[in-house]
Amino acid sequence: MRIGIVAGEASGDLLGSLLIKALRAKHPQIEFIGIAGPKMLSEGAKTMFPMERLSVSGYNLEVLRRYREIIGMRKKLIAHFSADPPDLFIGVDAPDFNLHLEAALKAKNIPTLHYVSPSIWAWRGERIHKIGASVSRMLTIFPFENALYEKENIPVSYVGHPLADELPMQPDTAAARAQIRMNHPSHVIALLPGSRENELNHHADLFIRAARLIHEQLPEAHFLVPLASRHTRNQFEKAIVRLDAQDVPLTIMFGHSHDAMAAADAALVASGTATLEAALLKCPMVIAYKMSPLTYRIMKRKAYLPYVGLPNILAGEFIVPELLQDDATPRNLAAAVVNLLQQPRLRELMINKFTAMHHSLRQNNAAKLAQAIQPYLTK
């Protein structure tokens with residue numbers, strides 16, 4: 001039995017690895033092939049291309065530079081799966097890449113599932129028609145999403161968020177600090193500037209400058225910087241040298257983002273899946289994001305909600321500070337993080353909200369995934 005699978009960035013790689021693990025628990029002989037990152041590879045998936053080649057976003061020069069390469073990868077995948085059809089194809093997030101691929105495969109009578117709904121509830125809701133033409137079933141991870149698909153008669157299954165099952169309700173901060181040999185008594189701060197190269201282009205200098213200002217106010221502060229790939233680690237290290245910031249106490253980590261967030265008193269996080277991971281790890285945070293001015297104008301014009309961070313979207317209110325685009329300055333970020341560290345009551349309220357969120361997303365994801373996918377494995 002073969003399943004085609006494509007993930008496009010670190011968050012998809014994590015979700016894909018947990019999906020593979022869940023399916024292999026019931027079907028040990030399943031083969032997975034497509035585009036996979038290190039976590040999926042460690043679960044036995046095979047990749048035809050390096051996953052990081054898909055890790056671009058927005059409307060910017062980086063996307064245009066890679067357009068031909070990305071289209072070429074997709075054409076080769078379509079040709080491969082057409083010549084040797086898998087029993088099923090699963091696109092893990094990466095909708096701009098996967099929906100087109102899924103449409104082509106569905107037209108060839110290959111069942112297509114898409115895992116993680118595009119954020120049609122936040123912006124570009126018109127995509128639901130393309131989704132309906134592309135997928136045999138949508139697998140959603142947030143409880144409010146099913147109604148959108150049911151309204152359009154698109155098969156859908158709510159499977160919960162796998163990390164809500166994987167991560168403990170009460171993380172062990174002391175154990176996390178011991179694991180990474182960080183026994184610092186106070187003010188451990190995680191910096192998560194993003195997993196994509198173009199995110200680092202916007203955030204590396206910004207986060208380092210903010211860390212310097214925080215350290216000036218809180219001399220005991222120490223910063224943990226988990227980075228998803230060797231390339232992003234090199235990007236960040238070059239930024240440290242460029243800014244002459246070797247005196248700022250930064251510990252760069254290769255992966256281990258969950259350890260960093262579990263160990264931290266607070267986090268500064270680029271908007272994205274990492275914000276939800278921080279919430280599930282009960283790590284108080286400040287959300288920041290910068291992008292190209294063109295991308296920001298387009299996305300802001302198309303947005304339906306007043307917030308962009310997943311914890312705020314799930315809560316339906318601003319529980320986490322968001323500093324975006326022109327508001328995302330080193331001084332503003334530093335002030336917000338210091339304020340969070342110095343107000344225990346604010347941190348407590350945030351953690352309580354995160355705990356309620358964790359309970360709502362804990363749905364025994366592995367069992368629900370297996371149940372939703374099983375009919376497509378027996379045809």
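Select helix H12, residues 273-280, and colour its buried members, which are Ala274, Thr275, Leu276, Glu277, Ala278, Ala279 and Leu280. In this predicted model, H12 is mostly covered, with 7 of its 8 residues buried. Keep the selection on screen and step just past the end of the helix to Lys282, where the backbone takes a positive phi of about 60 degrees. As background for this stop, most residues other than glycine have a negative phi.

Lys282 also leads to the next stop, since it is among the residues closest to the centre of the second largest pocket, together with Thr173, Ala262, Ala264 and Leu281. That pocket has a volume of about 150 Å³, and 14 residues line it. To see which elements frame the pocket, select helix H8 (173-179), helix H11 (257-263) and helix H16 (344-361), each of which gives two or more residues to the lining. If you colour the lining by residue class, you should find 8 nonpolar, 2 polar and 4 charged residues.

Move next to strand S4, residues 88-92, and select Gly91 within it. Is Gly91 buried or exposed? Its relative accessibility is 0%, so Gly91 counts as buried. Show its neighbours as sticks: leaving aside residues up to four places away in sequence, Gly91 touches Val6, Asn98, Glu102, Leu113, His114 and Tyr115. For a sense of distance across the model, draw a line from the C-alpha of Gly91 to that of His203, which is 28 Å away in space and 112 residues away in sequence.

From S4, follow the chain into the loop that joins this strand to helix H4 (95-106), and stop at Ala94. Ala94 has a positive phi of about 40 degrees, although it is not a glycine. With a relative accessible area of 16%, Ala94 is under the 20% cut-off and therefore counts as buried.

Continue along H4 and out of its far end, into the loop before strand S5 (112-115), where Asn109 is found. Here too the backbone has a positive phi in a residue that is not a glycine, about 65 degrees in the case of Asn109. The setting of Asn109 is an exposed one, because its relative accessibility is 71% and the cut-off for exposed is over 50%.

The last residue to select is Thr295, which lies in helix H13, residues 293-302. Thr295 is buried, with a relative accessible area of 3%. A line drawn from its C-alpha to that of Ile5 spans 28 Å, for two residues that are 290 positions apart in sequence.

Finally, clear the selections and show the whole protein as a cartoon, in which 17 helices and 13 strands can be traced. The radius of gyration is 20 Å, close to the 21 Å that the globule rule gives for 379 residues, so the protein is as compact as a globular protein of that length. Along the principal axes, its C-alpha atoms fill a box of roughly 60 × 40 × 40 Å. Colouring by accessibility will mark 55% of the 379 residues as buried, while a surface view shows an exposed area of about 16500 Å², of which carbon and sulfur atoms supply 52%. If you turn on contacts with a separation of 6 or more, 69% of them are accounted for by residues 24 or more positions apart.

Key:
Residues are numbered from 1 along each chain as its sequence is written. This is a predicted model: local features need pLDDT of at least 70, side-chain atom pairs count only at pLDDT 80 or more; totals for chains, interfaces and linings use all residues. Side-chain values use heavy atoms; hydrogens and water are left out. On a 1 Å grid over the protein atoms alone, a cavity is a set of points where a 1.4 Å probe fits but cannot get out, and a pocket is an open set with protein on both sides within 12 Å along at least five of seven lines; lining residues have an atom within 4 Å of a point. Grid points are joined across faces, edges and corners, and a volume is the space filled by probe spheres set on the points. Helices (H or I, at least four residues) and strands (E, at least two) are DSSP runs, numbered from the N terminus. Ala, Val, Leu, Ile, Met, Phe, Trp, Tyr, Cys and Pro count as nonpolar, Asp, Glu, Lys and Arg as charged, and the others, Gly among them, as polar. Buried means under 20% relative accessible area, exposed over 50%, partly exposed in between (1.4 Å probe, protein chains only). The radius of gyration is taken over C-alpha atoms; the globule rule is 2.2 Å times the number of residues to the power 0.38. Contact means heavy atoms within 4.5 Å. Accessible areas come from the Shrake-Rupley method with a 1.4 Å probe; for residues, only the protein chains shown count as cover.
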